[in-house]
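The following exercises concern the reading of a protein structure. Please work through each task before consulting its solution.

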Amino acid sequence: MKARLTKFTYWLISATISLLGFSACAATSKATKTDVPEVDEVERPLEDIRVMYGSPTWGYQADGRVMDEECKPIKGIRIEVKLERENNPLETKIIHSDKNGKFQTPAYEDNPIISLSVVDKDGRKRGGDFAPTEIDLTTMKPIFDQSIQDEWYWGTNKYSNLQIKLTKKETNNE
């Protein structure tokens, strides 16, 4: 009698699990519509449900200010943003400082910013002939900002408020 009861219990559990499996394969799903208050539930085909594949992503961004030795902002300084890529180890994007010396890179999705190279391309035109400087961001810890987040975009690693002081090039009087 005990063996029959055990067999029946296993059979009942198997049947329940099978029914649950088949119910998960239904052709429609119930979705609550919040924009139509008089309708609580609507039938919606599975094709309308958003299916996402892959891995979550996040971005990398840097911002700051470029100034001279006297902490005055420098306008129009060229900033070469070096990004790490899977197939192409280094890719360079160019941005420039604004009239207040401020700069901000776009949020580069899944491409870490390796360094910022600050180069004065116009010489004495904007207040001095400055020596190039490179900031290695791999030695800095970014702040993870989750203010812009959805299902697959988790946020942005930000290198914020970078203060870049440029020194004037030394002139050789020979």
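Four exercises on this predicted model follow, each with a worked solution.

**Exercise 1. Describe the overall fold of the protein chain.**

Solution. Begin with the secondary structure: the protein chain contains one helix and 11 strands. Next, place these elements in order; the pattern along the sequence is α-β-β-β-β-β-β-β-β-β-β-β. Then consider burial: 26% of the 174 residues count as buried. Finally, turn to the contacts between residues at least 6 apart in sequence, of which 59% join residues at least 24 apart.

**Exercise 2. Determine whether glutamine 61 is buried or exposed, and identify the surroundings of its side chain.**

Solution. First, locate the residue: glutamine 61 belongs to strand S3, which spans residues 57–67. Second, apply the cut-off: buried means under 20% relative accessible area. Glutamine 61 has a relative accessible area of 10%, and is therefore buried. Third, examine the side chain: one of its polar atoms lies 2.9 Å from the backbone oxygen of threonine 105. Fourth, list the contacts beyond four places in sequence; among them are Gln104, Pro106, Ile113, Asn157 and Tyr159.

**Exercise 3. Contrast the largest nonpolar core with a nonpolar patch on the surface.**

Solution. Start with the core, which has 21 residues. Those with the most contacts inside this core are Val66, Val81, Phe103, Ile113, Leu116, Leu137 and Leu166. S3, S4 (78–83), S8 (113–119) and S11 (153–165) each supply at least two residues of the core. Leucine 137 illustrates the packing: beyond its neighbours within four places in sequence, its contacts include Ala62, Ile113, Leu116 and Leu162. In soluble globular proteins, nonpolar side chains tend to be buried together. Now turn to the surface, where Phe8, Trp11 and Leu12 make a nonpolar patch of about 350 Å². Tryptophan 11 lies in helix H1, residues 2–23. Exposed means over 50% relative accessible area; tryptophan 11, at 54%, therefore counts as exposed.

**Exercise 4. Find salt bridges that link distant parts of the chain.**

Solution. The whole structure has six salt bridges. Consider aspartate 129 and lysine 169, whose side chains meet in a salt bridge at 3.9 Å, N to O. Aspartate 129 is in the loop between S8 and S9 (133–136), lysine 169 is in the segment after S11, and the two are 40 residues apart. Consider next aspartate 145 and lysine 158, whose closest N and O atoms are 3.2 Å apart. Here strand S10 (residues 143–145) holds aspartate 145 and strand S11 holds lysine 158, 13 residues apart. Last, check accessibility: aspartate 145 is partly exposed at 22%, and lysine 158 is partly exposed at 22%.

Conventions: Residues are numbered from 1 along each chain as its sequence is written. This is a predicted model: local features need pLDDT of at least 70, side-chain atom pairs count only at pLDDT 80 or more; totals for chains, interfaces and linings use all residues. Side-chain values use heavy atoms; hydrogens and water are left out. Helices (H or I, at least four residues) and strands (E, at least two) are DSSP runs, numbered from the N terminus. Buried means under 20% relative accessible area, exposed over 50%, partly exposed in between (1.4 Å probe, protein chains only). A polar contact is a pair of N or O atoms within 3.5 Å; within protein, one must be able to donate a hydrogen and the other to accept it, and residues adjacent in sequence count only if both atoms are side-chain atoms. Contact means heavy atoms within 4.5 Å. Patches are made of residues with over 30% relative accessible area and no salt bridge: like charges are joined within 9 Å, nonpolar side chains (Val, Leu, Ile, Met, Phe, Trp, Tyr) within 5 Å. Accessible areas come from the Shrake-Rupley method with a 1.4 Å probe; for residues, only the protein chains shown count as cover. A salt bridge is a side-chain nitrogen of Lys or Arg within 4 Å of a carboxyl oxygen of Asp or Glu. A nonpolar core is a set of buried Ala, Val, Leu, Ile, Met, Phe, Trp, Tyr and Cys residues joined through side-chain atoms within 4.5 Å.
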